[in-house]
Amino acid sequence: MRRTALIATCVVALVAVGLLTAGADQKVELYTGSLDKVDLAAWGSGTVEQTDEEMYLDAETLRVDTKGFFEGGRVDLKDPVDVKPYVGDPAGAYVLLMVKPHKPEAPQVGVEGVVPGAEMFPGGEMGPGGEVVPGGAEAFPAEPGAWGPPAMEAAPPGEPPGGPPADAAMMEGMPPEWEMPGEPGAMGPVTPAKPPAPPPEVKQLRVLLVTDQGELDSGPVALADCSEVVEGWRRVVIPMSAFRGTKDIKSGKLEHVAVFGDLEEYFFVGQLEIGQEDQPLLADAGENKTVRANHEVTFTAKEQAAGVRANYTWDFDNIDGIQEDGYGPEAKWTFVTPGYYTVTLTVTDPANRKVPRTDQVRVKVE
């Protein structure tokens, strides 16, 4: 009798342990600076390689060269991961990446103090009135320190002062703004160059989870909506529920993860993981709003599950990146200028054990 009771007790204990294990948080770190778990491969005409060009937490990163949402790089899992725990409960599952876009250098307009076009004249210098002096002051046998050529001699009969007019063939191809109005071929004032447009950089990502049962597609993910952690690195957390295909794929093995950008450029990945949380943080900022300018508006976040602690931060206009404009589950804000705004709520774990979550609402200010 005692032996039977002991066996029953052990069975109950094992079941309890199994339930706790099944519901516990779990994650698989696919890349954290090492290629122990993955191999690298191209997707389309894109590429991916490990590099020390950018470091994350003193470790090498992955440089992904992309040419759009369908050409990038992929990592092949040496040991495919069972996706059932993640697609079976997509509400608590996520894919996390640490991403840093490459920032191309802006084109140089010119060196300070030099007017564009002065390089046409070897040794050219600037005159006191801003004019370009061909050959520099030393080209003219004038008094020391004097600017410009000596006084012009009287023009021969039949010629205008200053010599014959410029050869039209020589002036052909000159920019129109260099010609004086009404005098074709005459040199006019130099027009300052317009500042060039900022060079493009990756603004959106697309992540593709490839299983032996099909693909899970994140769709476009805006980096501006993701919090910057340090030195341009952004934490990109994509809930599994946001992936298209989770309704059709309920089991299988995750074999590849492909990552793409929205244009022809490159970016860096410092971390890649897939995880499942038993009690994930909840980020719910409420419904979209229409409000009046110069009137205080209250934003209220939905409460967390019982026993889950969280910190709340609010950004009331994500145009300049995610900033911290308000704190707490309830925040107040006054929009001064009419227009459309994106309000971002970020929820974090005080103990830094759970993955941060974000939510956004659109606000129309009349």
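The largest cavity has a volume of about 70 Å³. The model in which it is found is a predicted one, and the count of cavities of 30 Å³ or more comes to one.

**The cavity**

Ten names make up the lining of the largest cavity: V48, L62, V64, G73, R74, V75, V257, V259, V269 and L272. Four elements give two or more residues to this lining, namely β4 (59-67), β5 (72-82), β16 (253-261) and β17 (264-276). Strand β5 gives the most, with three residues. By type, the lining of the largest cavity holds eight nonpolar residues, one polar residue and one charged residue.

**The pocket**

The largest pocket has a volume of about 660 Å³. It is lined by 25 residues, and those closest to its centre are V237, I238, P239, T358 and D359. The elements that give two or more residues to the lining of this pocket are β13 (221-222), β15 (233-239) and β24 (357-365). Which element supplies the largest share of the lining of the largest pocket? That share, five residues, comes from β24. The lining of the largest pocket divides into 14 nonpolar, six polar and five charged residues.

The table sets out the two linings by residue type.

| Lining | Nonpolar | Polar | Charged |
|---|---|---|---|
| Largest cavity | eight residues | one residue | one residue |
| Largest pocket | 14 residues | six residues | five residues |

**The chain as a whole**

The protein chain has 366 residues, and buried residues make up 36% of them. Its secondary structure comes to three helices and 24 strands. Among contacts with a separation of 6 or more, 70% are between residues 24 or more positions apart.

**A buried threonine**

T344 is found in strand β23 (residues 339-348). Is T344 buried or exposed? T344 counts as buried because its relative accessibility is 1%, and the cut-off for buried is under 20%. The side chain of T344 makes a polar contact with the side chain of Q360, at 3.0 Å.

**Two residues with positive phi**

Most residues other than glycine have a negative phi. D58 is not a glycine, yet it has a positive phi of about 60 degrees. D58 lies in the loop between β3 (47-56) and β4. With a relative accessible area of 76%, D58 is exposed, since exposed means over 50%.

E231 is a second case: its phi is near 45 degrees, a positive value in a residue other than glycine. Where is E231 found? E231 is in the loop between β14 (228-230) and β15. The relative accessibility of E231 is 64%, so E231 counts as exposed.

**Confidence**

The mean pLDDT of the protein chain is 80. Of its residues, 69% reach 70 or more. Over residues 1-22 pLDDT stays under 50, and the model has zero contacts beyond four places in sequence for this stretch. Over residues 117-122 pLDDT also stays under 50. How many contacts beyond four places in sequence does the model have for residues 117-122? For residues 117-122 there are nine such contacts. Where pLDDT is low, the predicted coordinates should not be read in detail.

Definitions and conventions. Residues numbered from 1 in each chain as written. Heavy atoms only, no water. 1 Å grid on protein atoms, 1.4 Å probe; cavity = no way out; pocket = protein on both sides within 12 Å on 5 of 7 lines; lining within 4 Å. Points joined across faces, edges and corners; volume = space filled by probe spheres on them. Nonpolar A, V, L, I, M, F, W, Y, C, P; charged D, E, K, R; others polar. Buried < 20%, exposed > 50% of the residue type's maximum accessible area, 1.4 Å probe, protein only. Polar contact = N/O pair within 3.5 Å; in protein donor to acceptor, adjacent residues only side chain to side chain. pLDDT = per-residue confidence, 0-100. Contact = heavy atoms within 4.5 Å.
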